[in-house]
Amino acid sequence: PRKVRVHHLRQAKERGEPLTMLTAYDAVTARIFDEAGIDILLVGDSIGDNMHAHPTTIPVTVDDMIPAVRAVARTAQRALVVADLPFGSYEASPAQCHASAVRMLKEAGAHAVKFEGGEHLAEHVRLLTRSGIPVVGHLGFTPQAENLLGGKRVQGRGHEAADRLVADALALADAGAVAVVLEMVPGPVAARVTEVLPIPTIGIGAGPEVDGQVLVWTDMAGMTSWSPRFARRFGEVGAELASATRAYARAVRDRSFPAAEHVYES
Ligand code: KIV
Ligand code: NA
């Protein structure tokens, strides 16, 4: 299949074709999602709370991310692979951001990086873009800032906050960002950002009037007992996995597994 490249993102927006993005953290899921035709695989720092049993994304390091990005990038045949820059690995300066991003491409094979923040990071975006590293922005609720934002709360409510969001999105686009994720933003505000932005918006809890959607795969597939209000459970894969696991344990205990066909002859 033809690889998804950054110029296809803007093309998709111009043609009104919704972009599909999903998180992946390993080769097993990356193969399934890539073969299912997901356009963008995001190795999110949500690996922290979803895979590494951290309470938030804040403890995640670049060293945690690298093996996950590597596995996804080695596996994807078609999808664009985007690696999140984790908390503390990019904010301090464009140079710090560049060094972390270079590791994601050079050591792990990512095609682009994503990081959280607006206008104050425009210089970071500019340097990476000039260096040949595509950047995806992330605005609205930015999980790495949850201590400052006071928890998982909708962002961009009210005229002033909405104007701020639009200005941030435009600053990222102007600096060369190839797409912007909008997380937990009122639908009409996401629609406004989408209308003024030349690059695609990819929503998560941002309503339908955006250029694409992203979900954390464990929410999408129904792996957990709780999922956020903005997510739909498109399957009950967790329940199916639990049932397979119980069947396996039962078969071992009642000695129906292994059967004759699983045994090597002498
Ligand atoms: O880390 C992540 O999963 C993300 C998405 C929710 C956009 O940043
Ligand atoms: Na993230």
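Which classes of residue make up the shell around ligand 1, and how many of each are there? I started my notebook with that one, keeping in mind that the model is predicted. I found five nonpolar, four polar and three charged residues in the shell.

**Entry: the shell by name.** I listed the residues surrounding ligand 1 next. They are Thr23, Leu42, Gly44, Asp45, Ser46, Asp84, His138, Val181, Glu183, Ile204, Val214 and Val216.

**Entry: the annotated site.** I then turned to the UniProt record, an unreviewed entry, where the "binding site" annotation covers Asp45, Asp84 and Glu116. These residues are spread over 72 residues of sequence, yet they cluster in space, with a largest C-alpha distance of 10.8 Å. Of these, I had already met Asp45 and Asp84 in the list around ligand 1.

**Entry: Asp45.** I located Asp45 in the loop that runs between strand 2 (40-43) and helix 3 (47-50). Is Asp45 buried or exposed? I noted it as buried, because 31 other C-beta atoms lie within 10 Å and 20 or more is the cut-off. Leaving out residues up to four places away in sequence, I saw that Asp45 touches Thr57, Val60, Met65, Asp84 and Pro86. One of these contacts, Asp84, also belongs to the annotated site.

**Entry: Glu116.** I placed Glu116 in strand 4, which covers residues 112-116. Glu116 has 24 C-beta neighbours inside 10 Å, so I wrote it down as buried. With residues up to four places away in sequence set aside, Glu116 touches His138, Thr142, Gln144 and Ala145. Among these, I recognised His138 from the surroundings of ligand 1.

Methods:
Residues numbered from 1 in each chain as written. Chains lettered and ligands numbered in written order. Predicted model: local features only at pLDDT ≥ 70, side-chain atom pairs only at ≥ 80, totals over all residues. UniProt positions renumbered as here; feature names shortened; annotations may be inferred. Helix = DSSP H or I, 4+ residues; strand = E, 2+ residues; numbered from the N terminus. Buried ≥ 20, exposed ≤ 12 C-beta atoms within 10 Å, placed from the backbone. Contact = placed C-beta atoms within 7 Å. Near = placed C-beta within 6 Å. Nonpolar A, V, L, I, M, F, W, Y, C, P; charged D, E, K, R; others polar.
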